[in-house]
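Thank you all for coming; I would like to take a few minutes to walk through one structure with you. Please have a look at it first, and then I will go through some of its parts in turn.

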Amino acid sequence: MPNKLAKEKSPYLQQHADNPVDWYPWGDTAFKKAKKDNKPVFLSIGYATCHWCHVMAHESFEDPEIAEMMNETFINIKVDREERPDIDNMYMTVCQMLTGQGGWPLTIIMSPDKEPFFAGTYIPKDARFNRIGLRQLIPGVAGMWKNEPKRVKKASEKIKEGFQRSQDFEGGMFPGTEATDFAAEQLTKSFDTEHGGFGTAPKFPSPHNLMFLLRQWKISGDQRFLDIVTDTLTNMRLGGIWDHIGYGFHRYSTDREWLLPHFEKMLYDQALLLMACTETWQATKDPLFRKTAYQIIHYVKRKLRHPEGGFYSAEDADSDGEEGKFYVWTRSELSNNLDKDELQFFTDHFNIKEEGNFKDEATKKLTGANIPHLSSSLNDNESETFQTIREHLFDKREEREHPLLDDKILTDWNSLMIAAIAKAGFIFSDEDLIEFAERGIAFINNNLVHSGHLLHRYKDGEAGIDAMADDYAFLIWALIECYEATFKPEYLEQALSWNKKFSDVFWDIENGGYYFSMQQEDQIYGPQKQLYDGAVPSSNSVSLCNLIKLSRLTGKTELEEKAQKIGETFSAELIRSGSSITQSMQAIQFLNADSKEITFVSPNKDKELFNKLFQEQFEPFNVVHFKHEYNALKLANVAPYTGSQEVKENKTALYVCTNFTCKQPIFDPKEMIDSLHK
C-alpha cells in the first residue's frame with residue numbers, strides 16, 4: 001500500500017512512495033500526528049541521485065521488519081534536500097555539530113516540535129564497524145522517549161544552544177588583501193602537486209576555489225596560482241571523474257588520482273566547472289579548456305535541457321541497482337564493439353586492463369570493470385581517432401539501462417548554468433550560446449515567477465516552494481552575466497529589481513547579511529545565514545559579488561554600501577576562514593584590484609574592435625558597457641552615468657573610469673588597446 005508520498009512532485013520522494021515505511025512529506029499533517037500520538041519524528045533527508053540514499057533505502061526502508069519498527073516508534077518524514085535546502089541546512093548544521101561530519105542521507109530524530117535530539121548520516125540495518133544499526137537504534141530511542149523525557153529535553157536544549165552560537169558572527173572591519181593572501185596560501189599548502197586538486201581523498205571539484213586563484217594570479221602575477229588551476233583542471237579532465245564517452249563531470253572523486261568517482265552528474269557542477277574552464281581558457285588560451293567547456297555544454301544540451309529552455313537537476317549514479325554500471329567497461333565488452341586497431345588504441349591510451357583498472361571501495365579488489373581515463377592529453381591526430389571510437393562506444397552505451405534523470409528544475413541551479421553559458425558565449429564570441437542563456441532566463445520568467453514572486457522548483461508543469469536566498473542571489477548573478485554578454489539593459493533592470501525584492505525580504509536590518517529562508521514556521525531556531533561555500537557558493541558570498549558589480553555597473557553607491565555591511569558582519573570569518581569562502585574572497589579581490597568602469601560607445605556596433613578589447617584578455621575586475629544607438633536611452637535610465645557618454649556619428653569612443661576618476665574619451669583603436677592592456 002503506498003504511503004503519503006505518492007502525489008509529491010519530488011523524484012526523490014516518489015522513489016520512496018511504495019516503501020512499507022509510512023512516510024509523510026514535510027508539513028503540518030505529520031507534526032500534528034506526532035503530537036497527537038506522542039511519537040518522535042524520524043526525518044530522512046536525501047536526493048534522487050544520491051548513492052548512499054539508495055543503499056539505505058534498499059537495505060532498510062524496503063525491509064518490512066525495519067519498516068514495522070519505524071512505523072511503531074516514529075512518525076516518519078522524507079525531505080528532498082534540493083527542494084527544501086532551508087530544512088536541510090538547518091539539520092545538517094545540527095549533524096555537523098553533534099558528529100563532526102555531514103552528508104546524505106541525513107538522519108534526524110526529533111520531537112513533534114521539530115527539536116532534534118539525535119543526528120547521523122547513513123545508518124545500516126544492523127550494527128557494523130562501530131556504527132549503530134537501525135535494528136538497535138529504534139528500540140533505544142523508543143525506550144528513551146518513553147522513560148527518559150528529561151534526557152531527551154536536555155539533549156534538545158544543548159543542541160539549540162550550540163546552533164544559536166553558530167549564528168553569532170563576529171563583526172569588524174571590512175577585510176582587505178590580508179584575507180585574500182591568507183586564503184590563497186591556505187589553498188597552495190593543501191594543493192596536491194602530483195595529481196592536482198586540494199587535500200587527499202575524497203576530492204571535490206570546488207571550481208570557485210580555482211576561479212579565486214585565477215584572480216589571485218591576475219593581481220599578483222604569481223605563476224604558482226595559475227599553475228594550480230591549470231594542473232587541477234587538466235588532471236580532472238584526463239581522469240575518470242570526466243565522462244570521456246558522454247561528456248560532463250561526475251560529482252567527485254573517491255581517490256587522490258581523480259580515477260574512481262561517485263558517478264552522479266549534478267547540474268551545478270557542470271555550471272561551475274564550465275565557468276572555470278572558460279575563464280582558464282581566456283587566461284591561458286590552452287585549447288583543452290575551450291574544448292572541455294564546449295563538451296560540458298554538449299552534455300547539458302543533450303541530457304539536462306528542458307525543451308522550453310530550463311535545465312534538469314541531475315543524473316543518478318546508479319543503474320540496474322549498481323553504482324557506475326552505466327559508465328564502466330570490461331575488456332571483453334570493448335573487444336566485441338571495436339575492431340582490432342580501435343581496441344588497441346583505446347586500451348593503450350585509456351588505461352584499459354583485463355582485470356579492470358580500479359578497486360572496489362569496500363573490498364579493495366579489482367572488479368574486472370574499467371573506467372576510461374587518460375595519463376596524458378591526446379594530440380590532434382589521436383583525438384580524431386578517438387572521436388570515431390567514442391561514437392561507437394556511445395551508441396553501444398545508449399543501449400544500457402540509463403541512470404535516473406532527476407527532472408525537477410530549480411531556480412538556483414538553473415541560474416548558475418545560465419550564468420556559465422552566458423559567460424562562455426561572451427568569451428567565445430558565440431551568439432548561439434548567448435541565445436541559449438537567454439532562453440534559460442525566459443524559462444524562469446515564464447515558469448518560476450508568479451504575481452511578481454520568485455519560486456524555487458518547477459516540475460511537471462507546476463511551480464512551487466517560495467524562493468530562498470540562493471534562488472535570488474544566483475538569478476541576479478545570471479542576469480548580470482546575461483547583461484554583460486548581450487548589453488541589453490533589461491537584464492540589468494531585472495537584476496536591480498530582483499536585488500531590491502531580495503533585500504526587502506531577506507536582509508537582516510539589525511546585523512547585516514542575508515537570511516537563507518524566511519519560511520519562519522520551519523526555522524525553529526530562527527532564520528539562519530549561510531556564509532561558507534560548499535558544492536556551490538553561499539548566498540551571502542554571491543550577493544557580496546553581485547552588489548559590488550551592480551554598483552559599478554549602475555553607479556548606485558548604496559549597493560556597495562550594502563556589500564560593505566556584509567563584509568563587516570562576517571569580518572572574523574572572512575579573515576580566519578578565507579579558503580572556505582573563496583566566492584567572498586573574489587569580491588575582496590575586486591575591491592582591491594585595479595578595477596575599471598568602461599563604456600565602449602560605437603554607433604555602428606563595432607563588434608570586431610570590441611572583441612579585441614574585451615574578449616581576448618582575462619580582465620575579471622572591469623565592468624563594461626557596450627553602448628550604441630539602439631540601447632542608449634534604456635541604458636541611461638539604469639546606469640545614468642552613461643548618459644553623458646555620447647554616441648557620435650561614425651565615431652567609436654572608449655570611456656574609462658578608475659579609482660573614482662574618469663579620463664578623457666579615447667578615439668584611436670591602438671590607444672584603446674594600450675590603455676586597457678598595458
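**Helix pairs, sheets and empty spaces**

Helices α16 and α17 lie roughly antiparallel to each other, because their axes cross at roughly 155 degrees and an angle over 145 counts as roughly antiparallel. Before I go further, I should say that this is a predicted model, so please keep that in mind throughout. Helix α16 covers residues 411-427 and helix α17 covers residues 431-447, and their axes come within 7 Å. As for the handedness, the crossing of these two helices, α16 and α17, is left-handed.

There is another helix pair that I would like to put beside this one. Helix α9, which is residues 207-220, packs against helix α10, residues 223-238, at an angle of about 150 degrees, and the axes of the two are 7 Å apart. That angle is why α9 counts as roughly antiparallel to α10. Here, too, the handedness can be given, since α9 passes α10 in a left-handed crossing.

Let me turn to the sheets. One open sheet consists of four strands in the order β18-β17-β19-β20, and its pairing is mixed. Its edge strands, each of which pairs on one side only, are β18 at 622-627 and β20 at 661-662. If you follow the sheet to β20, you will find that strand β19, residues 653-658, runs antiparallel to it and is joined to it by two bridges. Which residue of β20 is the bridge partner of Thr 658? That partner is Thr 661.

A further open sheet has three strands, in the order β8-β9-β12, and here the pairing is antiparallel. The edges are formed by β8 (265-266) and β12 (405-406), each pairing on one side only. Between β8 and strand β9, residues 314-315, there are two bridges in the antiparallel sense, and Lys 265 has Glu 315 in β9 as its bridge partner.

Now to the empty spaces, starting with the cavities. How many cavities of 30 Å³ or more does the structure hold? There are three of them. The largest cavity has a volume of about 660 Å³, and 36 residues line it, with Lys 423, Glu 481, Glu 484, Lys 549 and Pro 620 lying nearest its centre. Sorted by class, this lining has 22 nonpolar, seven polar and seven charged residues.

The second largest cavity has a volume of about 70 Å³. Among the residues that line it are Trp 242, His 244, His 250, Phe 263, Tyr 327, Trp 329 and Arg 397, and by class its lining divides into seven nonpolar, three polar and two charged residues.

Finally, I would like to show you a pocket, namely the second largest one, which has a volume of about 750 Å³. Its lining is made up of 26 residues, and those nearest the centre of this pocket are His 51, Glu 323, Asp 360, Glu 361 and Ala 362. Which elements each supply at least two residues of this lining? They are α3 (51-61), β7 (261-262) and β11 (322-323). By class, the lining of this second largest pocket has 10 nonpolar, six polar and 10 charged residues.

Key
Residues are numbered from 1 along each chain as its sequence is written. This is a predicted model: local features need pLDDT of at least 70, side-chain atom pairs count only at pLDDT 80 or more; totals for chains, interfaces and linings use all residues. Side-chain values use heavy atoms; hydrogens and water are left out. On a 1 Å grid over the protein atoms alone, a cavity is a set of points where a 1.4 Å probe fits but cannot get out, and a pocket is an open set with protein on both sides within 12 Å along at least five of seven lines; lining residues have an atom within 4 Å of a point. Grid points are joined across faces, edges and corners, and a volume is the space filled by probe spheres set on the points. Ala, Val, Leu, Ile, Met, Phe, Trp, Tyr, Cys and Pro count as nonpolar, Asp, Glu, Lys and Arg as charged, and the others, Gly among them, as polar. Two strands pair if DSSP finds at least two bridges between them. Axes are lines fitted to C-alpha atoms, for helices over the stretch in contact, and angles run from 0 to 180 degrees between N-to-C directions. Angles under 35 degrees count as roughly parallel, over 145 as roughly antiparallel, 65 to 115 as roughly perpendicular and the rest as oblique. A crossing is left-handed if the near helix is turned anticlockwise from the far one by less than a right angle, and right-handed if clockwise.
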